[in-house]
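Visitor: I'd like a close look at one side chain and what it touches. Once you've settled there, carry on to the charged pairs and the ligand.

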Amino acid sequence: MVAFIIKASHICIYIAFRSSGFNQLSHKEIICLGLESSCDDTAAAIVKRHADGSAEILANIIHTQTDVHAPFGGVVPELAARAHIEYMDRMVKQALTTAALGYDDLDLVAATSGPGLLGGLIVGLMSGKAISLAHDLPFVAVNHLEGHALTAGLSDGIKPPYLLLLISGGHTQILQVNAVGNYQLLGTTIDDAIGEAFDKVAKLLGLGYPGGPFVEAYATKGDATRFKLPRPMKGRDNCDFSFSGLKTAVLHAAKAIEPVNEQDKYDICAAFQAAAADVLADRVGRAMLKFRQNLAAADDQNFPLIIAGGVASNKAIAQKLDILAQNHNFKLIVPPAKLCTDNGAMIAWAGIEQYLLGNISDLTAPPRARWPLYE
Ligand code: KG4
Ligand code: ZN
C-alpha cells in the first residue's frame, strides 16, 4: 500500500504505477540521490540503475564524525545531530558536483528514516523531503537495515535469496533475504552489538576510537591462547548472539594482571577477536542449516553469504567465515569497505528498489528510532 501523496505530480506517478505495474519502470534508467544520517556518518550519494538492472555509483560522499566523538569513546547523539546539520548540504553539493549532475537529472530522492538516532535521522529526512518538494521529485523513506541488506546487489549484482550477516556498531543480525522487502530474522544479539563490544574492549585497554581497527591491529601481534575467554551462545539451538559476557570477561582478565603492558594488550585483543570470530562462525553455521530448511534447498545447492557493517572489514572474521562458507556450500561475498560501513549509495539503491515496487513515501514519513526490517 502506498500512503497518501501530497503533490499532484506524485499522484500521477502513483496512478500510472498502479495501473500499468512497475514493469515499465524497471526497463528505464533511474538516477537516485540517497542521504544517510542515522548514526555518525553524514553521507550523500548518487546511484544510477541502468535499464538492464545493473548499478553504477556516480558519487559516494561521506563525512565521518570520528573527531567529534573520539574524546567520548562513543557516539554522542546531540553532537552527531549538530554535525549532520553542518555537513549534509555540503555532502549533497559535492555528490552532484562529483556526478556532474544537477537536481533536474535526478528521478528520485531517498533518505534513511530509521532505525537510528532521532536527531540525525531528522536532518537527513528533512533534507530529502525538502529536495523532493523543491525539485518535484518522488521521495522514498528508506530503512537503514534494508540499505545494508541490499548492498550486495549494488556492489556485486547479487540477487536474493541469500544469507546476510550484518555486523556493525549498532546491529548484529543474521537475516534471510528472500526478495526485496521480504526479510526473515534468523538471529540477533540479546545484548550488545559486536562492534560495540570491539569498541568497549578498545576503550578498556586505552586504544583509539572507533575501537575495531585498533583491536584488529593489536590482535595480529598477540597470542590468542594465553587468555581463556568464553564463547557465549556457542552450541545453542538458535542463531542468537550475546557479547556482554565476553566483554566482562575481558575486563576481568585485564584487571587480574594489572598493570597491563603492551604485550598483554596484544594477547587480550587476540583472545577477544578469536572468541568473537568463533561465536560468529558457530551462529552463522546454524543459520545456514536453517536457511536451507526454510527454502527446502538441497545440501549441494550454492547460495551467497553476504557480510555487511563496519565489522565486516575485519580480516580474521572474514577468513573464518570464508572457510565456514566453503564447507557449507555457500559463497562468501564481502562488499568493498566503503559500501559495508554506513553510506548514501546503499540508501539510494534501496530507494530505487522500493520505488520499483511502487513504494513512494508520503512527505509526512516520520523518523523512526526503532524500525525492524522483518515486522
Ligand atoms: O557500520 P558501521 O560503520 O557503523 C554502524 O555502527 O552503523 O560500523 C562501525 C563499527 C564500529 O563499532 C567499529 O569499531 C567496527 O565497526 N569496526 C571494526 C573494524 N572496523 C570497524 N570492528 C572490528 N574490526 C575492524 N577492522
Ligand atoms: Zn549501518
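Guide: Let's start with His-84, which counts as buried because its relative accessibility is 0% (buried is under 20% relative accessible area, exposed over 50%, partly exposed in between, with a 1.4 Å probe and protein chains only). Keep in mind that this is a predicted model: local features need pLDDT of at least 70, side-chain atom pairs count only at pLDDT 80 or more, totals for chains, interfaces and linings use all residues, and side-chain values use heavy atoms, without hydrogens or water. As for labels, residues run from 1 along each chain as its sequence is written, while chains are lettered from A and ligands numbered from 1 in the order they are written.

His-84 belongs to helix H4 (helices, H or I with at least four residues, and strands, E with at least two, are DSSP runs numbered from the N terminus). A polar atom of the His-84 side chain is 2.9 Å from the backbone oxygen of Cys-39. The side chain of His-84 also makes a polar contact of 3.4 Å with that of Gln-65 (a pair of N or O atoms within 3.5 Å; within protein, one must be able to donate a hydrogen and the other to accept it, and residues adjacent in sequence count only if both atoms are side-chain atoms).

Stay on H4 and you'll meet a charged pair: Arg-90 and Glu-86 form a salt bridge at 3.6 Å, N to O (a Lys or Arg side-chain nitrogen within 4 Å of an Asp or Glu carboxyl oxygen). Both sit in H4, residues 77-99, 4 residues apart, or about one turn of the helix. Unlike His-84 with its 0%, Arg-90 is partly exposed at 41% relative accessibility, and Glu-86 is partly exposed at 46%.

That pair is one entry in a wider tally, since a search of the whole structure turns up 14 salt bridges. Take Lys-247 and Asp-192, whose closest N and O atoms are 2.9 Å apart. Lys-247 lies in helix H10 (244-256) and Asp-192 in the loop between strand E8 (182-188) and helix H8 (194-204), so this bridge ties together parts 55 residues apart in sequence. Asp-192 is buried, at 9% relative accessibility.

Next come Asp-278 and Lys-234, which meet in a salt bridge at 3.4 Å, N to O. Here too distant parts of the chain are linked: Asp-278 is in helix H11 (262-295), and Lys-234 is 44 residues away in the loop between helix H9 (211-219) and H10. Asp-278 is buried at 16% relative accessible area, whereas Lys-234 is partly exposed at 43%. Back at Asp-192, bridges with shared partners join Asp-192, Glu-196, Lys-200 and Lys-247 into one network.

Finally, the ligand. Ligand 1 has 18 residues around it (a heavy atom within 4 Å), with Gly-169, Asp-199, Gly-212, Glu-216 and Gly-310 coming nearest. H8 and H9 each give at least two residues to this shell, and the largest share, 4 residues, is from H9. A nitrogen of ligand 1 lies 2.7 Å from a side-chain N or O atom of Glu-216. Oxygen atoms of ligand 1 come 2.9 Å from a polar backbone atom of Gly-310 and 3.1 Å from one of Gly-195. On its own, ligand 1 has 560 Å² of accessible area, and the protein covers 88% of it (Shrake-Rupley method, 1.4 Å probe; for residues, only the protein chains shown count as cover).
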